[in-house]
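Let's take a walk through this protein together, with the fold open beside the text. Keep your viewer handy and turn the model as you read.

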Amino acid sequence: MLNIAVLVNHPPSAHFWTEIQQAFTDIFSKVTKLDFFDPIEKEEYPDPTEYDLIILSGGKSDASASDPWILKMLDFVRTTAKETPKTKMLGICWGHQILLRAFGGQVAPVPNGPVAGLVRVRLTEEGKRFFPFAAEKGSYIATQFHVREVAKATDDFVLLAENNEAFVSKSNTMLSFQAHPEIMGKFAKDLIWDDDITYTEGKSKEEIGEMRATINDPQDGVELLRRVIEWVDEK
């Protein structure tokens, strides 16, 4: 059984913190041991030597900002990669942006405004090899909720999907998705219907209606996370 640490990059005092924990528990608990850490309010971090995988979750903070806790997160990522390379790291959404920023990438607002709902992500040739389940279609479908994106990548990573949507490090120790493969079902629906307009600002009623109507359509989140489990055991 794998040991996994999840850095929940969302304040415990904020809405949906419990749901974020539950989403990871529902997906991973049968095949892994999970521990959760609060890097924002309690400034908790795992000991990388005790885990097979460290997950950097999503969050609403600006990944390009210089808040003390964000700078500490960047240092943690760089130190873990350097000193504990056997411990792999997975970045999801905000975590995806932080992983790339830690090694010289740039994060910027999405030019066309917030992204919310199910998105088809098109793979590069390297991505088709990395995600065999999606190779024939050349794409996967996953939930996305974000207002910023990786605007510029770094040579330390291999591009797995177009528009900087997914990367794996050349060392094969870090993997990242802009998507949220862990968010589906009721949690996805609650997010899309939430009164917070972070992810719907600037959208027309028709666009919001379409996002809400399709949020629980078939997606590939489970397959993506199954591939993550396989990847953790790879050299």
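We will go from the sheet to the helices, then to the nonpolar cores, and end with a few single residues. Please keep in mind that this is a predicted model.

A good place to begin is the sheet. Seven strands form an open sheet in the order β2-β1-β3-β4-β11-β10-β9, and their pairing is mixed. At the edges sit β2 and β9 (157-161), each of which pairs on one side only. Ignoring direction, neighbouring strands of this sheet are turned by 20° against each other on average.

Now look at the end of the sheet that holds β9. Strands β9 and β10 run antiparallel and are joined by four bridges. One pairing to find in your viewer is Leu159, whose bridge partner in β10 is Phe167. Phe167 also has a bridge partner in β11, namely Ser176. Strand β10 (residues 166-169) and strand β11 (residues 174-177) are again antiparallel, with three bridges between them.

Two helices can be placed against this sheet. Helix α2 (residues 68-83) lies across β1, β3, β4 and β11, and runs at about 155° to β3. Helix α3 (residues 94-102) packs on the sheet as well, where it touches β3, β4, β9, β10 and β11. The direction of α3 makes about 125° with that of β4.

How do the helices divide their residues between inside and outside? In an α-helix there are 3.6 residues a turn, so residues three or four places apart point the same way. Helix α1 (residues 17-28) shows this nicely: its buried residues are Trp17, Ile20, Gln21, Ala23, Phe24 and Phe28. These residues lie on the same side of α1 because they cover an arc of only 155° around the axis. Thr18 and Asp26 are exposed, on the face of α1 turned away from the buried side. The cover over the buried residues of α1 includes the strands β1 (2-7), β2 (32-37), β3 (53-56) and β4 (88-92), together with the helices α5 (185-193) and α7 (221-232). As for its length, α1 has 12 residues and reaches 17 Å from its first C-alpha to its last, close to the 16 Å expected.

Helix α2 can be read in the same manner. With 16 residues, α2 reaches 22 Å between its first and last C-alpha, close to the 22 Å expected. Its buried residues are Trp69, Ile70, Met73, Leu74, Phe76, Val77 and Thr80. They cover an arc of only 160° around the axis and therefore fall on the same side of α2. On the other side, Pro68, Lys82 and Glu83 are exposed. Among the elements that cover the buried residues of α2 are β1, β3, β4 and α3.

Next, the nonpolar interior. Which residues of the largest nonpolar core touch the most other members? Of its 46 residues, they are Ile55, Phe131, Tyr140, Leu175, Phe177 and Val228. Val228 makes a good starting point for a closer look: beyond residues up to four places away in sequence, Val228 touches Leu53, Leu90, Leu175 and Phe177. There is also a second, separate core of 27 residues, including Ala5, Leu7, Val77 and Val107.

Let's finish with some individual residues. Trp69, in helix α2, counts as buried because its relative accessibility is 12%, below the 20% limit for that label. Setting aside neighbours within four places in sequence, Trp69 is in contact with Asn9, Pro39, Ile40, Tyr45, Ser61 and Trp94. Trp69 and Pro39 are 30 residues apart along the chain, yet their C-alpha atoms are separated by 6.9 Å.

Ser139 belongs to strand β7 (residues 139-146) and is buried, with a relative accessible area of 4%. Leaving out neighbours within four places in sequence, Ser139 is in contact with Arg120, Val121, Arg122, Leu123 and Ala134.

Two loop residues deserve a look at their backbone. Cys93, in the loop between β4 and α3, has a positive phi of about 55° although it is not a glycine. Asn163, in the loop between β9 and β10, likewise has a positive phi, near 60°. The hairpin around Asn163 has four residues between its strands. Are these two loop residues buried or exposed? Cys93 is buried, with a relative accessible area of 3%, whereas Asn163 is exposed, at 64%.

Terms used: Residues numbered from 1 in each chain as written. Predicted model: local features only at pLDDT ≥ 70, side-chain atom pairs only at ≥ 80, totals over all residues. Heavy atoms only, no water. Expected span 1.5 Å × (residues − 1). Buried < 20%, exposed > 50% of the residue type's maximum accessible area, 1.4 Å probe, protein only. Arc of directions from axis to C-beta. Contact = heavy atoms within 4.5 Å. Pairing = 2+ DSSP bridges. Axes fitted to C-alpha atoms, helices over the stretch in contact; angles between N-to-C directions. Core = buried A, V, L, I, M, F, W, Y, C linked by side-chain atoms within 4.5 Å.
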